[in-house]
Amino acid sequence: MRDPARRLRGRLAAPVTILTAGAGPARTGLTVSSLVVAEGEPPVAYCLLGSEGDLFDAITDSGRFVVHVCTEDDRATADVFAGIRPSPGGLFAGRDVEVSDYGPRLIEFGTYATCSLVDVREESYSALVRATIDTIVTDDIETPLAYYRGRYRTLAP
């Protein structure tokens, strides 16, 4: 029988985002659905990441990262950064990328935030990353991409 917590998590719709961090050959990214934003002054982002991955290392080394919010049109890009679609030449090959102090920013995304690491805490099988949100840029997203029951779904407007 499947783990009950995994089954519960699968029944919660989650945002699809791509987090990027690092610079030069150490730049990396990952599709992440375990992200929550808490309002406040300053606003805070919380996300769960595997502590063995390249993104975790890039965030803890640099202390910064970029959150890109995915839309229906970003399914293929989300698959690339999730590691389920090949990308000859690497994650950033063929993409317009702006170099920033927070890591690579994917130009194709109109909604993004830059974040500064506050702390990391081990939680169950993951690391809970807490970061202040330093910059927020939003555009009109008509068809946000969500992750629900093991696959992407588009939310109707």
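Helices and strands are DSSP runs, numbered from the N terminus, with at least four residues for a helix and at least two for a strand. The structure described here is a predicted model. In this model, threonine 71 lies in the loop between strand 6 (64–69) and helix 3 (75–82). Threonine 71 has 16% relative accessibility, so threonine 71 counts as buried. The cut-off for this class is under 20% relative accessible area. Which residues is threonine 71 in contact with, leaving aside its neighbours within four places in sequence? They are Ile141, Thr143, Pro144 and Leu145.

Helix 3 comes next. Its buried residues are Thr77, Ala78, Asp79, Val80 and Phe81. The buried residues of helix 3 pack against four named elements: strand 2 (17–21), strand 3 (28–32), strand 8 (105–106) and strand 12. After helix 3 comes glycine 83, with a positive phi near 80°.

Aspartate 79, one of the buried residues of helix 3, also takes part in a charge pair. Side chains of opposite charge can pair when their charged atoms come close. Aspartate 79 forms a salt bridge with arginine 85, and the closest N and O atoms are 3.7 Å apart. The two partners fall into separate accessibility classes. Aspartate 79 is buried because its relative accessible area is 15%. Arginine 85 is partly exposed because its relative accessible area is 40%.

The count of salt bridges comes to five. Another of them joins glutamate 98 and arginine 105, with 3.3 Å between the closest N and O atoms. Glutamate 98 counts as partly exposed because its relative accessibility is 37%. Arginine 105 has a relative accessible area of 11%, so arginine 105 is buried. A further salt bridge brings together the side chains of arginine 121 and glutamate 123, at 2.5 Å from N to O. Glutamate 123 shows 30% relative accessibility and therefore counts as partly exposed.

Arginine 105 appears again among the contacts of aspartate 96. Where does aspartate 96 lie? Aspartate 96 is in the loop between helix 3 and strand 7 (97–98). At 57% relative accessibility, aspartate 96 counts as exposed. Leaving aside neighbours within four places in sequence, aspartate 96 is in contact with Arg105, Leu106 and Ile107. The C-alpha atoms of aspartate 96 and glutamate 108 are separated by 7.1 Å, and these residues are 12 apart along the chain.

Charged residues also form patches on the surface. Glu52, Asp54, Asp57, Asp61 and Glu122 make up a negative patch. Which helix gives the most to the negative patch? Helix 2 (residues 54–62) does, with three residues. Aspartate 57 lies in helix 2. Aspartate 57 has 35% relative accessibility, so aspartate 57 counts as partly exposed.

A patch of positive charge gathers Arg2, Arg6, Arg7, Arg9, Arg11 and Arg149. Arginine 9 has its place in helix 1 (residues 4–10). Arginine 9 is exposed because its relative accessible area is 56%. How many residues apart along the chain are arginine 9 and glycine 150? They are 141 residues apart, yet their C-alpha atoms are separated by 9.7 Å.

Arginine 149, also in the positive patch, stands out in its backbone. Most residues other than glycine have a negative phi, and most peptide bonds are trans. Arginine 149 has a positive phi of about 50° although it is not a glycine. Arginine 149 is found in the loop between strand 11 (145–148) and strand 12 (151–154). Arginine 149 counts as partly exposed because its relative accessibility is 47%.

Serine 124 is a further case. Serine 124 is not a glycine, but its phi is positive, at about 55°. Serine 124 sits in the loop between strand 9 (112–123) and strand 10 (126–137). Buried or exposed: how does serine 124 count? At 71% relative accessibility, serine 124 counts as exposed.

One peptide bond also deserves a note. Glutamate 41 and proline 42 are joined by a cis peptide bond, with omega at about 0°. Proline 42 lies in the loop between strand 4 (35–38) and strand 5 (44–49).

Conventions:
Residues are numbered from 1 along each chain as its sequence is written. This is a predicted model: local features need pLDDT of at least 70, side-chain atom pairs count only at pLDDT 80 or more; totals for chains, interfaces and linings use all residues. Side-chain values use heavy atoms; hydrogens and water are left out. Patches are made of residues with over 30% relative accessible area and no salt bridge: like charges are joined within 9 Å, nonpolar side chains (Val, Leu, Ile, Met, Phe, Trp, Tyr) within 5 Å. Accessible areas come from the Shrake-Rupley method with a 1.4 Å probe; for residues, only the protein chains shown count as cover. A salt bridge is a side-chain nitrogen of Lys or Arg within 4 Å of a carboxyl oxygen of Asp or Glu. Lys and Arg count as positive and Asp and Glu as negative; His and the chain ends are not counted. The place of a charge is taken as NZ of Lys, CZ of Arg, CG of Asp or CD of Glu. Buried means under 20% relative accessible area, exposed over 50%, partly exposed in between (1.4 Å probe, protein chains only). Contact means heavy atoms within 4.5 Å.
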